[in-house]
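Work through the exercises below on charged side-chain pairs, setting out each solution step by step.

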Amino acid sequence: MVPRTDALTREVVDLIAAVVARYHEEYEEAAAKHALTGAQAKVLALLAREPLPMRRIAQRLKCEPSNVTGIVDRLEARGLVERGPDPDDRRVKLAAATPAGLETASRLSESLNFAREPLARLSAEEREALRGLLQRMLGSGA
């Protein structure tokens with residue numbers, strides 16, 4: 001038998017859903033200001049951190065590799081991403097952000113105010129506590 005959810009848990013889940021929805025809305029708006037779709041912006045953000053093979057991009061975005069290929073194609077056509085061989089395995093192609101892609105990813109990141117504004121209302125101690133709680137919820141905290 002599945003335990004019933006208490007009112008507090010339902011309220012917390014609803015608040016988390018509201019935060020996620022607000023984040024996605026702002027992310028889409030910020031991406032559009034850079035003439036990107038949300039998916040293109042997410043791929044570019046990943047590739048600004050490190051070059052990745054298509055399969056790993058798809059895993060991180062929880063989508064099919066064929067979807068990623070189209071997104072990378074469009075980013076590559078704009079000069080934001082380039083493909084090249086993996087130095088560790090020449091059979092694998094890596095996608096990587098170009099200098100223009102790194103610049104765009106940086107500007108996109110700077111334009112995402114949603115997280116900064118609400119978190120600025122919390123003290124450093126409250127942000128640390130929130131980080132710890134979120135890490136525990138995701139199974140990655142101490």
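Two exercises with worked solutions follow, after a short note on conventions. The model is predicted, so local features need pLDDT of at least 70 and side-chain atom pairs count only at pLDDT 80 or more, whereas totals for chains, interfaces and linings use all residues. Residues are numbered from 1 along each chain as its sequence is written, and side-chain values use heavy atoms, with hydrogens and water left out.

**Exercise 1.** Determine which parts of the chain the salt bridge between Glu50 and Arg60 ties together.

Solution. A salt bridge requires a side-chain nitrogen of Lys or Arg within 4 Å of a carboxyl oxygen of Asp or Glu, and the structure holds five of them. For Glu50 and Arg60, the closest N and O atoms are 3.2 Å apart. Glu50 lies in the loop between α2 (38-49) and β1 (52-53) while Arg60 belongs to helix α3 (residues 54-61), so the pair joins parts 10 residues apart in sequence. Helices (H or I, at least four residues) and strands (E, at least two) are here DSSP runs, numbered from the N terminus.

Next, consider accessibility, where buried means under 20% relative accessible area, exposed over 50%, and partly exposed in between (1.4 Å probe, protein chains only). Glu50, at 33%, is partly exposed, and Arg60, at 40%, is partly exposed.

**Exercise 2.** Identify the network of salt bridges that includes Arg83.

Solution. Begin with Arg83 and Asp73, whose closest N and O atoms are 2.7 Å apart; this pair links strand β2 (residues 81-86), which holds Arg83, to helix α4 (residues 65-77), which holds Asp73. Then take Glu76, which forms a salt bridge with Arg83 at 2.5 Å between the closest N and O atoms. Through shared partners, Asp73, Glu76 and Arg83 form one network.
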